[in-house]
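Biologist: Please show me the structure, and then let me ask how each label was reached.

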Amino acid sequence: MEGIRLVFLGPPGAGKGTQADYLKEQYGIEKISTGDILREAVRNGTKLGKLAASYMEKGELVPDDIILSLVKERISKLENFVLDGFPRTIIQAEGLDNILRELKKDLKAVIYFDIDDEKVIKRLTSRRVCPRCGAVYNLITNPPKNDEVCDYCGTALERRKDDNEATVRNRLQVYERDTLPLVDFYEKKGLLKKIDADRPPEEVLRSILGLLRNDIC
Ligand code: AP5
């Protein structure tokens, strides 16, 4: 497997994290999720976490320079990776180009998860996460076996602070304003591959694997 370097682009709740986890489990491709990195910093009460929390709770974006230095540090150590939730602005995308140029690496593809707003609002307001092992559930499409308790470690599941409807709606507006322009940015580079994300997770995975077939199978 050579140079599987992907960006997962799409609105909040499109299923980017779910698919990145599958690629990690099945093919060992590392996930770099800026959201996960920031949430861990918030949990640990670090300086970064305190700063990030003030943006995340409102559904606003954390400043570009902070995000770029987090990503740079991680990318430089990996050969294959999926960037989940990064880049989210044109400045971040240009920063990523510079980082990759310095490392003499390139992106294989940018997979664009296409789905309607109302569908993701439903998904996110019914998402539950395990604060201990990080497992992700959905009360409608992927419920835990026992009432709101993690199947793997038995911990009580939680709702992410930014998964209430008002914050989700703001996240969608921020996505449309700041992140959607990346569709055009990557289309012009010939990297964009659009998939229909409004299908069961296994079907979405099949589409992604179809795009990567010759590289990872
Ligand atoms: P982040 O954590 O990146 O959140 P997001 O992009 O809003 O994405 P989500 O994690 O909400 O959704 P997802 O697409 O991964 O969906 P998932 O697979 O979980 O960012 C959070 C915040 O951090 C931002 O608002 C910002 O403040 C900050 N931040 C992060 N990155 C940043 C950056 N680069 N720059 C600046 N700030 C940044 O699925 C969602 C639910 O649907 C789950 O319940 C799942 O089980 C279910 N599901 C998944 N797939 C399917 C399917 N196919 N069918 C049915 N249900 C499904």
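Modeller: What follows takes some labels one at a time and sets each value against its cut-off; the model is predicted.

Biologist: Why is Cys150 said to be in no disulfide?

Modeller: The nearest cysteine sulfur, in Cys133, is 3.7 Å away. A disulfide needs the two sulfur atoms within 2.5 Å, so this pair does not count.

Biologist: What makes Cys153 and Cys130 fail as a bonded pair?

Modeller: Their sulfur atoms are 3.5 Å apart, and that is too far for a bond. Cys130 holds the cysteine sulfur closest to that of Cys153. The structure holds zero disulfides.

Biologist: Why is Cys150 called buried, and why is Cys153 called partly exposed?

Modeller: Cys150 has a relative accessible area of 4%, and buried means under 20%. Cys153 stands at 26%. Partly exposed covers the range between the 20% limit for buried and the 50% limit for exposed, so Cys153 gets that label.

Biologist: What makes Arg127 and Asp163 a salt bridge?

Modeller: Their closest N and O atoms are 2.9 Å apart. The cut-off is 4 Å, so the pair qualifies.

Biologist: Where do Arg127 and Asp163 lie, and are they buried or exposed?

Modeller: Arg127 is in strand E5, and Asp163 is in the loop between strand E6 and helix H7, so the pair ties together parts that are 36 residues apart in sequence. Arg127 is at 15% relative accessibility and Asp163 at 0%. Buried means under 20%, so both are buried. Through shared partners, Arg127 and Asp163 belong to one network of salt bridges with Arg160, Asp162 and Arg171.

Biologist: How do you know that Lys119 and Asp198 form a salt bridge?

Modeller: The N to O distance is 2.7 Å, and the limit is 4 Å. Lys119 lies in helix H6 and Asp198 in the loop between strand E7 and helix H9, so the salt bridge ties together parts that are 79 residues apart in sequence. Lys119 has a relative accessible area of 38% and Asp198 is at 35%, so each counts as partly exposed.

Biologist: What makes Glu118 and Arg169 a salt bridge?

Modeller: The N to O distance is 3.5 Å, and the 4 Å limit admits the pair. Glu118 is in helix H6 and Arg169 in helix H7, so this salt bridge ties together parts that are 51 residues apart in sequence. By this rule the count comes to 22 salt bridges.

Biologist: How do you know that helices H5 and H8 meet?

Modeller: Their axes come within 10 Å and cross at roughly 30°. Ile90, Ala93, Glu94, Leu96 and Asp97 in H5 meet Pro181, Leu182, Phe185 and Tyr186 in H8. That contact has seven nonpolar, no polar and two charged residues.

Biologist: Which residues touch the most other members of the largest nonpolar core?

Modeller: The core has 31 residues, and Leu96 and Tyr186 are among those that touch the most other members. Helix H4 gives the largest share of this core, six residues. A second, separate core has 24 residues, including Ile4 and Val168.

Biologist: What does Leu96 touch beyond its neighbours within four places in sequence?

Modeller: Leu96 is in contact with Val7, Leu68, Ile75, Leu83, Phe86, Pro87, Leu107 and Tyr186.

Technical notes:
Residues are numbered from 1 along each chain as its sequence is written. This is a predicted model: local features need pLDDT of at least 70, side-chain atom pairs count only at pLDDT 80 or more; totals for chains, interfaces and linings use all residues. Side-chain values use heavy atoms; hydrogens and water are left out. Axes are lines fitted to C-alpha atoms, for helices over the stretch in contact, and angles run from 0 to 180 degrees between N-to-C directions. Helices (H or I, at least four residues) and strands (E, at least two) are DSSP runs, numbered from the N terminus. Contact means heavy atoms within 4.5 Å. Ala, Val, Leu, Ile, Met, Phe, Trp, Tyr, Cys and Pro count as nonpolar, Asp, Glu, Lys and Arg as charged, and the others, Gly among them, as polar. Buried means under 20% relative accessible area, exposed over 50%, partly exposed in between (1.4 Å probe, protein chains only). A nonpolar core is a set of buried Ala, Val, Leu, Ile, Met, Phe, Trp, Tyr and Cys residues joined through side-chain atoms within 4.5 Å. A salt bridge is a side-chain nitrogen of Lys or Arg within 4 Å of a carboxyl oxygen of Asp or Glu.
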